[in-house]
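Visitor: I would like to know how the labels used for this model are justified. Please set the values against the cut-offs.

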Amino acid sequence: MTTVLDVQRLKDEGRRFAMLTAYDFLSARILDEAGIPILLVGDSLGMVMLGHPTTLPVTMEDMLHHAKAVARGARQALLVGDMPFMSYQASVEQAITNAGRFVQESGMHAVKLEGGGRVVEITRRLTEVGIPVMGHLGLTPQSVHALGGYRVQGREARTAERLKAEAKALEEAGAFAVVLELIPAPLASQISKALTIPTIGIGAGPACDGQVLALPDMLGLNDRFTAKFVKRYAALAEDVREAVRLYAAEVREGRYPGPEHSFAK
């Protein structure tokens, strides 16, 4: 099974790696069998699985429900649970309780928290009680309203310096990796070189140690969503539509089920 030490070893040896989101048993099993070393049960499930416009309505119960399914499907990957909005912001005690639920109830191996600032101290306390933490800087979707929308972060010198300082602070607080989302590639490169822990990019250029995408985006299932940083490796939404059309047509025309799908007695 992949551990946080294995992920650090990838950084130390200069080997790049992929992380993908997983929200259910079947996708987790397939990704695990494909050798993806880290699976993130992302709060993005609020948008791609539950139909919300943002991640903000996602609850701990939503996350635990999906995390349990992913844990049943994966055997080798490191499993990371996204701490949803308002599950850790109120207090360190709240964060420890909810992070503990991810590990104890749903089988996650680590949690991910968005932002710097107070999150640095929360990260320190969680790692002190034995819960590995993945940081997340740049565009932090749970702060989308405060950030003024889904915009590239770190273009201004002051913001870039803050992100570099926060990344270092998260490392010093014990985070085992940091996601860098939607920041300029040169800034992501600087942060990646400055940290001893791995960086995982999404819309942050090629210099990060790892890359992450949402599974429905890279498979083309979420075909109404477009973003500059997403590469579609398949067009499964159209494949599914065509398969469903064919099935419906065969049922209407009496071609399915055929003798090979029926029992004579």
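Guide: The model is predicted, and the turns below go through some of its labels.

Visitor: Why is Met-83 called buried or exposed?

Guide: Buried means under 20% relative accessible area. Met-83 has 0% relative accessibility, so Met-83 counts as buried. Met-83 sits in the loop between β3 (78–82) and α5 (92–106). Beyond its neighbours within four places in sequence, its contacts include Asp-43, Tyr-88, Phe-102 and Leu-113.

Visitor: What makes β3 and β4 a pair?

Guide: Pairing requires at least two bridges between the strands. Three bridges join β3 to β4 (residues 110–112), and the two run parallel. Val-80 stands opposite Ala-110 in β4. Both strands belong to a barrel of eight, closed in the order β1-β2-β3-β4-β5-β6-β7-β8.

Visitor: How do you know that Lys-164 forms a salt bridge with Glu-161?

Guide: The cut-off is a side-chain nitrogen within 4 Å of a carboxyl oxygen. The closest N and O atoms of Lys-164 and Glu-161 are 2.9 Å apart, a salt bridge. The two residues are three apart in helix α8 (residues 157–173) and therefore separated by about one helical turn.

Visitor: Why is Lys-164 called partly exposed?

Guide: Partly exposed lies between the limits of under 20% for buried and over 50% for exposed. Lys-164 has a relative accessible area of 27%, so Lys-164 is partly exposed. Glu-161, with 47%, is partly exposed too.

Visitor: What makes Arg-241 and Glu-238 a salt bridge?

Guide: Their closest N and O atoms are 3.2 Å apart, and the limit is 4 Å. Both lie in helix α11 (residues 236–252). Salt bridges with shared partners join Asp-223, Glu-238, Arg-241, Glu-242 and Arg-245 into one network.

How values were computed. Residues numbered from 1 in each chain as written. Predicted model: local features only at pLDDT ≥ 70, side-chain atom pairs only at ≥ 80, totals over all residues. Heavy atoms only, no water. Helix = DSSP H or I, 4+ residues; strand = E, 2+ residues; numbered from the N terminus. Buried < 20%, exposed > 50% of the residue type's maximum accessible area, 1.4 Å probe, protein only. Contact = heavy atoms within 4.5 Å.
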